[in-house]
Amino acid sequence: MTKTAVIIGGGISGIFVMKDLQEKSIATKEDIKIVLLKREDTGWVSVCGLPYALRGWYEIDKVVINKPEFFSEQGVDFRTKTEVERINTDDKTLKLKTGETLKYDYLVIATGRKPALPEMIEKSTMKNIFTLSTMEDAYNIEAAFKSGEVKNALVRGRGIIALQAAAAAAANHIKTTVLAGPPSLLPGGLDPDMGDMLKEWMQKQGIEFILENQPISSLKEDGGRVSSVLIGPRGEKEIPAEMVVVAMGMRPNVRLAEEAGIEVGDTGGIITDNSLHAKTKKSYLKEVFALGDCIEVIDGITLRPKLNQLASTSVVQANVISDNIISDIKGNPCLYSSYDPCMGPVVAEIAGLNFGSVGVTTEAAGRAGIKTISGKATKLTKARYFPGAKPLTMKLIFDAFSMKLLGAQMISEVPVSDRVNEMAVAIRACVNAEDLRNTERCFDPSLSLLVDVTVDAAEDALKSKSVC
């Protein structure tokens with residue numbers, strides 16, 4: 001008997017549930033009708049690639065991986081420009097804004113996120129005030145860059161999106177100011193001493209920073225377009241800005257879920273169990289799943305709820321959900337998957353500098369009552385006489401009692417993704433500082449050093465431990 005799985009949302013989360021479920025249904029010979037409902041008029045879009053397009057690396061439309069027709073031709077009922085008005089979990093139906101009612105056997109909520117905006121910005125009708133979350137946003141920002149009317153830009157925020165937007169503006173020869181709170185950049189992934197390295201790098205490229213608790217008090221306009229921003233409680237300081245990009249973080253888009261009686265946690269994200277079933281006050285719903293930017297996860301170190309709005313997280317969650325739908329249809333518990341607490345490995349290239357982190361920062365550990373010891377080192381990534389040798393700074397954070405690795409942070413001009421993945425595995429394996437210091441590592445002067453920066457950072461932490 002054919003089962004119907006309906007996915008609300010066509011971002012990375014929804015796309016990967018669709019792909020995984022399609023592949024597994026074929027492998028298990030299960031007849032599953034897959035319906036994907038997407039508000040936008042696009043297929044699979046890699047929004048993470050938009051900031052680099054704005055820096056001129058490639059055209060914006062290159063971030064389109066597959067058009068809707070691609071999935072329709074594979075038998076998916078892939079609907080664009082389609083919005084859900086209401087979810088009814090009692091009779092397992094969705095009401096669309098067109099008036100159509102859809103019946104589901106399994107529902108996947110992948111409604112994503114929406115930009116966090118100050119009320120004054122949200123209500124403003126001035127031109128050249130942007131967010132950077134969709135292809136449409138990117139096209140609008142690109143048009144402003146190319147208009148010749150923008151000499152100054154203000155970016156509000158200090159996360160990855162904000163800093164990449166600032167880098168894009170600077171790359172387009174626009175004087176750029178970043179306005180955010182203290183003390184430093186990327187506080188979700190970097191301690192202030194590491195974040196300051198990124199700030200100093202961007203300052204050398206002409207980007208200015210105001211890292212103070214200064215609200216935007218008002219906006220000035222010229223011909224219907226923003227012309228400057230006044231900050232401070234009484235607008236004490238005026239910053240010229242013919243464009244403003246607001247990237248103060250993202251909020252889970254949970255309106256549909258909440259109206260259906262699905263519970264949301266203190267983080268603002270949907271509460272799920274280990275199988276990623278959504279929850280009502282009565283119980284977890286066996287047929288309703290949620291994933292991606294709209295849910296909260298459990299931190300792998302602190303074991304507290306948090307948001308982890310990363311595409312790489314969504315891919316893992318999509319695999320779990322597709323496993324569990326197939327497991328339920330087959331009645332085979334051996335096909336079931338569980339979603340583990342989240343480590344949140346993250347990397348990004350910002351203005352020519354790469355950063356990476358995994359696990360907790362020192363501040364996050366402290367908020368959870370975990371006392372830490374850290375070690376830090378800076379070394380070249382390969383022998384100094386080889387072309388392309390660049391320094392890499394690594395900071396490792398350990399539990400002060402057990403010396404188990406809890407977090408890793410790194411900054412370099414060379415890619416750090418492989419190192420971040422290595423540290424993610426090390427944290428999950430409960431590796432300690434002595435393990436990292438004493439583990440044999442590969443060596444070739446064209447590729448690596450005889451004594452890697454990881455060893456030196458672990459050794460630095462062990463020295464701090466001995467002093468204690």
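Colleague: Where does Leu303 lie?
Modeller: In this predicted model, Leu303 lies in the loop between strand E22 (297-298) and strand E23 (305-306).

Colleague: What is its phi?
Modeller: Leu303 has a positive phi of about 60°, although it is not a glycine.

Colleague: Is Leu303 buried or exposed?
Modeller: Leu303 counts as exposed, because its relative accessibility is 55% and the cut-off for exposed is over 50%.

Colleague: Which residue other than glycine has phi near 60°, in the loop between helix H11 and H12?
Modeller: Cys430 has a positive phi near 60°. Cys430 sits between helix H11 (417-428) and H12. With a relative accessible area of 42%, Cys430 is partly exposed.

Colleague: Staying with loops, where is Leu450 found?
Modeller: Leu450 is in the loop between helix H12 (433-438) and helix H13 (453-467). Its relative accessible area is 65%, so Leu450 is exposed.

Colleague: Which residues make the nonpolar surface patch?
Modeller: Phe443, Leu450 and Val451 make a nonpolar patch of about 300 Å² on the surface.

Colleague: And which side chain meets Asp452 in a salt bridge?
Modeller: Arg441 does, at 3.7 Å from N to O. Asp452 and Arg441 are both in the loop between H12 and H13, eleven residues apart. Asp452 counts as buried, because its relative accessibility is 8%, while Arg441 is partly exposed at 30%.

Colleague: How many salt bridges are there?
Modeller: The count comes to 33. One of them joins Lys306 and Asp299, with the closest N and O atoms 3.0 Å apart. Both Lys306 and Asp299 are buried.

Colleague: What about Arg255, which residue does that pair with?
Modeller: Arg255 forms a salt bridge with Glu259, and their closest N and O atoms are 3.1 Å apart. They are four residues apart in helix H8 (residues 255-259), so about one helical turn separates them. Arg255 is partly exposed, with a relative accessible area of 37%, whereas Glu259 is exposed at 52%.

Colleague: Now Arg156. How far away is the nearest side chain of opposite charge?
Modeller: That side chain is Glu212, and it is 11 Å away. Arg156 is buried but has no salt bridge. Arg156 lies in strand E12 (residues 152-156), and its contacts farther along the sequence include Leu179, Gln214, Ile216 and Met248.

Colleague: Where is Leu211 found?
Modeller: Leu211 is in strand E14 (residues 208-211). Leu211 counts as buried because its relative accessibility is 14%.

Colleague: What does Leu211 touch?
Modeller: Beyond four places away in sequence, Leu211 touches Ala180, Gly181, Pro182, Pro183, Ser184, Leu185 and Lys199. Leu211 and Ser184 are 27 residues apart along the chain, and 6.9 Å separates their C-alpha atoms.

Colleague: Two prolines in a row there. What is the peptide bond from Pro182 to Pro183, cis or trans?
Modeller: The bond is cis, with omega near 0°. Pro183 lies in the loop between strand E13 (175-180) and helix H7 (192-203).

Colleague: Last topic, the inside. How many residues are in the largest nonpolar core?
Modeller: That core has 54 residues. Among those that touch the most other members are Met18, Ile87, Leu107 and Ile270. A second, separate core of 45 residues includes Leu54, Ile141, Ala167 and Leu185.

Colleague: What does Ile87 touch?
Modeller: Its contacts more than four places away in sequence are Ile8, Thr93, Leu94, Leu107, Ile109, Leu256 and Ala260.

Notes. Residues are numbered from 1 along each chain as its sequence is written. This is a predicted model: local features need pLDDT of at least 70, side-chain atom pairs count only at pLDDT 80 or more; totals for chains, interfaces and linings use all residues. Side-chain values use heavy atoms; hydrogens and water are left out. Patches are made of residues with over 30% relative accessible area and no salt bridge: like charges are joined within 9 Å, nonpolar side chains (Val, Leu, Ile, Met, Phe, Trp, Tyr) within 5 Å. Accessible areas come from the Shrake-Rupley method with a 1.4 Å probe; for residues, only the protein chains shown count as cover. A salt bridge is a side-chain nitrogen of Lys or Arg within 4 Å of a carboxyl oxygen of Asp or Glu. Helices (H or I, at least four residues) and strands (E, at least two) are DSSP runs, numbered from the N terminus. Buried means under 20% relative accessible area, exposed over 50%, partly exposed in between (1.4 Å probe, protein chains only). Lys and Arg count as positive and Asp and Glu as negative; His and the chain ends are not counted. Contact means heavy atoms within 4.5 Å. A nonpolar core is a set of buried Ala, Val, Leu, Ile, Met, Phe, Trp, Tyr and Cys residues joined through side-chain atoms within 4.5 Å.
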